[in-house]
Amino acid sequence: MNGDMLNVFYAEEILKEFKPELLVVNMFGVDVAHTNFTGYCDNLRRADWAVAHLWNTIQNTPGMANDTLLIVAPEIGRNANPNTIIDVNGRAALDHTTDDAVSREIFCLMLGPAGIIQANQSIQTVTGESIDIVPTIA
């Protein structure tokens with residue numbers, strides 16, 4: 001269990017008790033790629049598990065099942081090229097500097113009721129900045 005998984009655990013308890021209109025969960029533990037690419041991959045795996053568990057909790061909570069939208073989005077991307085730090089497994093680390101256009105590219109995963117979410121959409125047009133994610137969702 002890492003900090004991200006603990007944050008999701010508390011988020012699940014809040015959802016079950018209060019069923020809020022908006023809940024933002026920060027999963028900061030993934031951002032270790034600057035110095036430890038192996039740790040980054042491990043934390044991505046943990047974050048993936050935690051998000052799946054959160055979605056299952058939503059779908060098993062009366063008043064939220066089939067009526068809730070889950071949005072997962074990072075606030076940053078990663079540089080196209082690694083930095084000079086090599087971790088214990090020989091993997092090169094990655095940063096997200098402002099002078100690398102790829103570092104501004106992010107994804108978004110949306111889950112929700114059929115008819116609200118349009119499945120299999122891919123949007124390739126850049127609009128806004130990655131710092132606009134949480135205010136835009138809210």
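A salt bridge is a side-chain nitrogen of Lys or Arg within 4 Å of a carboxyl oxygen of Asp or Glu. Keep that rule at hand for the exercises below, which all use a predicted model.

**Exercise 1. Work out which residue R78 forms a salt bridge with, and where the two partners lie.**

Step 1. Look for the partner: R78 pairs with D31, and their closest N and O atoms are 2.7 Å apart. The cut-off is 4 Å, so the pair passes the test.

Step 2. Place both residues. R78 sits in the loop between β1 (70-72) and β2 (109-111), while D31 belongs to the loop between α1 and α2. With their positions 47 residues apart, the pair links distant parts of the chain.

Step 3. Check how covered each one is. R78 counts as buried because its relative accessibility is 13%. D31, at 32%, counts as partly exposed.

A general idea to take along: side chains of opposite charge can pair when their charged atoms come close.

**Exercise 2. Find how many salt bridges there are, and describe the one formed by K16.**

Step 1. The count comes to 2 salt bridges.

Step 2. K16 forms its bridge with E13, with the closest N and O atoms 3.1 Å apart.

Step 3. Both K16 and E13 lie in helix α1; they are 3 residues apart, or about one turn of the helix.

Step 4. Are these two buried or exposed? Neither label fits: K16 is partly exposed at 42% relative accessibility, and E13 is partly exposed at 35%.

**Exercise 3. Explore the surroundings of V30.**

Step 1. Locate V30: this residue is in the loop between α1 (3-18) and α2 (37-59).

Step 2. Decide on burial. Buried means under 20% relative accessible area. V30 has 13% relative accessibility, so V30 counts as buried.

Step 3. List the contacts. Leaving out residues up to four places away in sequence, V30 touches D4, Y40, N43, L44, A47 and R78. You met R78 in Exercise 1, as the salt-bridge partner of D31.

Step 4. Compare sequence with space. V30 and V72 are 42 residues apart in sequence, and their C-alpha atoms are 13 Å apart.

**Exercise 4. Identify the largest nonpolar core and say which helix gives the most to it.**

Step 1. Name the members: M5, V8, L15, A50, V51, L54, W55, I58, M64 and L70, 10 residues in all.

Step 2. Sort them by helix. α1 and α2 each supply at least two residues, and α2 gives the most, with 5.

Step 3. Zoom in on one member. Beyond its neighbours within four places in sequence, V51 is in contact with M27, L70 and V72.

Step 4. Look for a second group. Apart from the largest core lies another of 5 residues, including V30, A33, Y40 and A47.

The general pattern behind this exercise is that in soluble globular proteins, nonpolar side chains tend to be buried together.

**Exercise 5. Classify the aromatic pair of F37 and Y40.**

Step 1. A search of the whole structure finds 2 aromatic pairs.

Step 2. For F37 and Y40, the ring centres are 5.5 Å apart and the planes meet at 50 degrees, so this pair is tilted.

Step 3. F37 and Y40 are 3 residues apart in helix α2, which means about one helical turn separates them.

Step 4. Finally, Y40 is buried, with a relative accessible area of 14%.

Technical notes: Residues are numbered from 1 along each chain as its sequence is written. This is a predicted model: local features need pLDDT of at least 70, side-chain atom pairs count only at pLDDT 80 or more; totals for chains, interfaces and linings use all residues. Side-chain values use heavy atoms; hydrogens and water are left out. Helices (H or I, at least four residues) and strands (E, at least two) are DSSP runs, numbered from the N terminus. Buried means under 20% relative accessible area, exposed over 50%, partly exposed in between (1.4 Å probe, protein chains only). Contact means heavy atoms within 4.5 Å. A nonpolar core is a set of buried Ala, Val, Leu, Ile, Met, Phe, Trp, Tyr and Cys residues joined through side-chain atoms within 4.5 Å. Rings of Phe, Tyr and Trp (its six-membered ring) pair if their centres lie within 6.5 Å; planes under 30 degrees apart count as stacked, over 60 as edge-to-face and the rest as tilted.
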